[in-house]
Amino acid sequence: MRVSVKPGRNSEPTSAQSASEGWTVPGELLSEDLVKAISQRPMRRFIPLFAPDPNDTQYLDTSEQSWALRSSGNNFVFDFERYAEKAAKTAGDERFLADRTVAITHLLRWAAGRFLGSYSPAYAFRLLEYCSVMFTGLSVFDSKNCIERLKKLKERDAYFPWKRLMALCCENELPGFSSDDLFDLEALQPLTPRDEWQAYYDLELKLKPAVIRFIEMGVGRDLAILHDRTTSELRGLATLVLCLEGGMRPAQLFKLKEEDFKNLHNRYFSISIPPAKQAKRVDKAPFELDLSPEAGTIIQALIDRCRPDLANGQLLRFPDGSLAMAKSFDKALNSRLRAWAARNFVGPMPETAELKDFLRHLPHLTAYDFRHHVGHSLAMSGASADQIARVLGHSSTVAARHYIAATPELAVIKQKALGENAAYQEMMGMILTGEIGEEWDWRGRKVAGMVDNRLFTGIGGCSSSSCDFEPVRSCYGCSDFNPFLDGDHAGVRDALKAEAASQLAISDAAGQTHRNPAVLQLEGVIAEVQVVINHCKHRKGCQ
């Protein structure tokens, strides 16, 4: 039996009508039996959501026409009718647009309700976002045609949620779908495959030794003047140190609360890192990470500054109560990096066209760049796959094993990073040290010191009024160090390499090559010296 329905918004049948009257979409996009089966599937009135954060939506009322919920700083509005109408327009004859819209709405509501019971809201929302993409060129919604459509689907973000929906239809033996089709469905691969682990072996690591040294210097300087930093600057600084030491995802940064931070007599600091992914409703216990005294001091200062405004104790919440996700955290990270670079470049002088051009070419870092850095650093220090997975919050050791497998390549990468990419080295040289000049033109205190039993003088001047660090070794990454153009920087580099070779020999004999911090420290200093060498060569070439 079929019920003829004239086109038009006023003629749309209700959910009860479609089930009882045997309503179907003309053109058989969604068959009469399929629509009836979906309409008869029970759906819970309230769906509990996995939301450990009190700011997230805890329960969803499915009786609402559109669903609105909040998860990890993002707002999701499941406006089924709007997305279904958009998809219906791509599926065929405009005369049956209203009828087709109702049918697709039934499908989307049922699928979204099932997905929210096991997956994150973002994953479920992709069903709606890519609904029109999936239905474009689809003649009949059944397993055969859907599998053929998936084979041609280029959008990777749409591929996986819609493939899971197909599997859900097959598992429930809906009309047009069979459990036997799961074998064909499982064998499908995305049309545009990519190496999911390429980032773990990427030769263009953004956090090179010079960048890390620059960040450490910036944090050290800001520590001395925390009371002068604005709340926004303090929040950006706290975000940066948490990413640097914990490798946290934006969702984890959003969930951090004052109670997660522990301060024991201003001597020991730690923070409980909340889980980020839903992982099919598996509730993971937070991981407690020890923090450096520098990071602990910065976070405590932020809490003291913002405690009256902390909504639900949320650590990185903005004063207006809002907090976006990745883009806001990335902006906070890069704002501090740009501020440090500008200060080292021109000091207290106002911005110039030259400075603006320089800042435009600074590398843009994200929270995930720091996350990969933490994973690589743990692997290089000899941490096990279980330890890496625990720190990064992974549910398995798959990613950790890729970090460990990449360590031989990372050794080569670090060697290459010591001398390649002259433009990059030139830029880093401008922000790691002071101005390069001639020895005869310097009127202040000059740097002199021993490296590998060799005395080095005439390599640069120090503009600091007082300094407690060891000369030469600590100078090349300091903005108060002004290298001399004709200084024996190559000799310093070679002496440091000789010391590194001695340290490696001792470590090899003890079987602790990967656990010698002196080698890693020397590697960073050698990289800083090489930056100055390249900077000097570039200056000579321009003269």
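In this predicted model, strand β5 (residues 261-264) and strand β6 (residues 268-273) run antiparallel and are joined by four bridges. Within this pairing, Phe261 of the β5 segment stands opposite Ile271 in β6. Three residues lie between the two strands of the hairpin, and in this hairpin His265 takes a positive phi near 55°. As background to reading such a pair of strands, the side chains of a regular strand alternate between the two faces of the sheet.

The aromatic side chains offer a second way into the structure, with a count of 13 aromatic pairs. One of them joins Trp67 and Phe78, whose rings are tilted, with 6.2 Å from centre to centre and 45° between the planes. Because Trp67 belongs to strand β3 (residues 67-71) and Phe78 to strand β4 (residues 74-78), this pair ties together parts that are 11 residues apart in sequence. Both partners are withdrawn from the surface in the sense used here: Trp67 counts as buried because its relative accessibility is 1%, under the 20% cut-off, and Phe78 is likewise buried, with a relative accessible area of 0%. Returning to the hairpin, Phe261 and Phe269 form a stacked aromatic pair, with 6.1 Å between the ring centres and 20° between the planes, and both of these phenylalanines are buried.

Trp67 and Phe78 also belong to a wider group, since one aromatic cluster is formed by Trp67, Phe76, Phe78, Phe80, Tyr83 and Phe125. Tyr83, a member of that cluster, has a charged neighbour as well: the charged end of Arg82 sits over the ring of Tyr83, at 4.5 Å from the ring centre.

A charged residue of the other sign can be followed in helix α10 (residues 209-224), where Asp222 lies. Is Asp222 buried or exposed? With a relative accessibility of 0%, Asp222 counts as buried. Once its neighbours within four places in sequence are set aside, Asp222 is in contact with Arg229, Leu237, Arg336, Trp340 and Arg343, a list in which three arginines appear beside a leucine and a tryptophan.

The cysteines come next. A disulfide is a covalent bond between the sulfur atoms of two cysteines, and the structure holds zero disulfides. Cys169 is in no disulfide, and the nearest cysteine sulfur, which belongs to Cys170, is 6.9 Å away. Cys169 nonetheless counts as buried, because its relative accessibility is 0%. For Cys475 the closest cysteine sulfur is that of Cys462, and at 6.4 Å this sulfur is too far for a bond. Cys475 also counts as buried, since its relative accessibility of 12% is under the 20% cut-off.

These local views can be placed against the chain as a whole, which has 22 helices and 10 strands. Buried residues make up 49% of the 543 residues in the chain. Among the contacts in the chain with a separation of 6 or more, 66% are accounted for by residues 24 or more positions apart. The accessible surface of the chain comes to about 26,500 Å², and carbon and sulfur atoms hold 52% of that surface.

How values were computed: Residues numbered from 1 in each chain as written. Predicted model: local features only at pLDDT ≥ 70, side-chain atom pairs only at ≥ 80, totals over all residues. Heavy atoms only, no water. Buried < 20%, exposed > 50% of the residue type's maximum accessible area, 1.4 Å probe, protein only. Contact = heavy atoms within 4.5 Å. Phe/Tyr/Trp six-rings, centres within 6.5 Å; stacked < 30°, edge-to-face > 60°. Lys NZ or Arg CZ within 6 Å of the ring centre and 35° of its normal. Pairing = 2+ DSSP bridges. Disulfide = S-S within 2.5 Å. Areas by Shrake-Rupley, 256 points an atom, 1.4 Å probe, with all protein chains shown as cover.
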